[in-house]
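Open the model in your viewer and keep the sequence panel beside it. The stops below say what to select and what is found there.

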Amino acid sequence: MSFSIVYLLHQFFWRIWAFIRDWYVGGFRRVAHATISTLERLDHIFALVITLRHFGEPLYGDRTIIGYILGFMFRTFRALIATILYLLVVAAGIAAYLFWALIPFLIIGWGFAETV
């Protein structure tokens, strides 16, 4: 008789722990993977590191003053847009995970609000 109670208590706490682990750690991994994948796709378009590496060089190898001015302007604009988009993607990933992490508390809160 006492063994079954111990077993049931163990299973109860194990299920709670498994839920917390799967929900929070698994959710973080999924959101992080989606965020990193999106950043990688954006990097194929904007190539921020390469843009910054060639920042002072003229555009398309045009060594005239116009090439240097246009290269500076285009690379500045491209780096600025890339940085803003990267920050927006990271902020969206953080917001998505925070929402994901709060879902159980929201459900419990709504359950208590309906009983009052």
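What follows is a walk through a predicted model, one selection at a time.

**Stop 1: helix α1**

Select residues 2–46, which make up helix α1. At 1.5 Å a residue, its 45 residues should span 66 Å. The C-alpha atoms at the two ends are 64 Å apart, which agrees with that expectation.

Now colour the buried residues of α1: Ala18, Trp23, Tyr24, Gly26, Gly27, Val31, Thr35, Leu42 and Phe46. What do the buried residues of α1 pack against? Show α2 (48–53) and α3 as well, since these are their packing partners.

**Stop 2: a nonpolar patch**

Stay with the early part of the sequence and select Ile5, Leu9, Phe12, Phe13, Trp14, Ile16, Trp17, Phe19 and Ile20. Together they make a nonpolar surface patch of about 920 Å². Take tryptophan 14 as one of its members. Tryptophan 14 sits in helix α1, and its relative accessible area of 39% makes it partly exposed.

**Stop 3: a stacked ring pair**

Next come the aromatic rings. A pair of rings is described by the distance of the centres and the angle of the planes. How many aromatic pairs does the structure hold? There are five. For one of them, select phenylalanine 19 and tryptophan 23: the ring centres are 5.6 Å apart and the planes meet at 25°, so this pair is stacked. The two residues are four apart in helix α1, a separation of about one helical turn.

Are these two residues buried or partly exposed? Phenylalanine 19, with a relative accessible area of 42%, is partly exposed. Tryptophan 23 has 19% relative accessibility and counts as buried, because the cut-off for that word is under 20%.

Add Trp100 to the selection: ring pairs link Phe19, Trp23 and Trp100 into a cluster.

**Stop 4: a ring pair between two helices**

Select phenylalanine 28 and tyrosine 97. Their rings form an edge-to-face pair, with 5.5 Å from centre to centre and 85° between the planes. Phenylalanine 28 belongs to helix α1 and tyrosine 97 to helix α3 (residues 65–115), so the pair ties together parts that are 69 residues apart in sequence. Phenylalanine 28 counts as partly exposed, at 49% relative accessibility.

**Stop 5: the salt bridge**

Side chains of opposite charge can pair when their charged atoms come close. How many salt bridges does a search of the whole structure find? It finds one. Select arginine 21 and aspartate 22 to see a salt bridge whose closest N and O atoms are 3.5 Å apart. Both ends are partly exposed: aspartate 22 has 44% relative accessibility, and arginine 21 has 31%.

**Stop 6: two residues with positive phi**

Most residues other than glycine have a negative phi, and most peptide bonds are trans. Two residues to select here depart from that pattern in phi.

Begin with alanine 47, just after α1. Its phi is positive, about 45°, although the residue is not a glycine. Alanine 47 lies in the loop between α1 and α2 and counts as buried, at 16% relative accessibility.

Then move to tyrosine 60, in the loop between α2 and α3. The phi of tyrosine 60 is near 55°, again a positive value in a residue other than glycine. Is tyrosine 60 buried or exposed? Tyrosine 60 is exposed, with a relative accessible area of 79%.

**Stop 7: two distances to draw**

Finish with the distance tool. Arginine 29 is in helix α1 and is exposed, with a relative accessible area of 59%. Draw a line from its C-alpha atom to that of histidine 44: the two residues are 15 apart in sequence and 22 Å apart in space.

For the second line, go to isoleucine 69 in helix α3. Isoleucine 69 is partly exposed, with a relative accessible area of 41%. From isoleucine 69 to isoleucine 94 the separation is 25 residues in sequence and 37 Å in space, C-alpha to C-alpha.

Note on methods. Residues numbered from 1 in each chain as written. Predicted model: local features only at pLDDT ≥ 70, side-chain atom pairs only at ≥ 80, totals over all residues. Heavy atoms only, no water. Patch = residues over 30% accessible without salt bridge, like charges linked within 9 Å, V, L, I, M, F, W, Y side chains within 5 Å. Areas by Shrake-Rupley, 256 points an atom, 1.4 Å probe, with all protein chains shown as cover. Salt bridge = Lys/Arg side-chain N within 4 Å of Asp/Glu carboxyl O. Buried < 20%, exposed > 50% of the residue type's maximum accessible area, 1.4 Å probe, protein only. Phe/Tyr/Trp six-rings, centres within 6.5 Å; stacked < 30°, edge-to-face > 60°. Expected span 1.5 Å × (residues − 1). Contact = heavy atoms within 4.5 Å.
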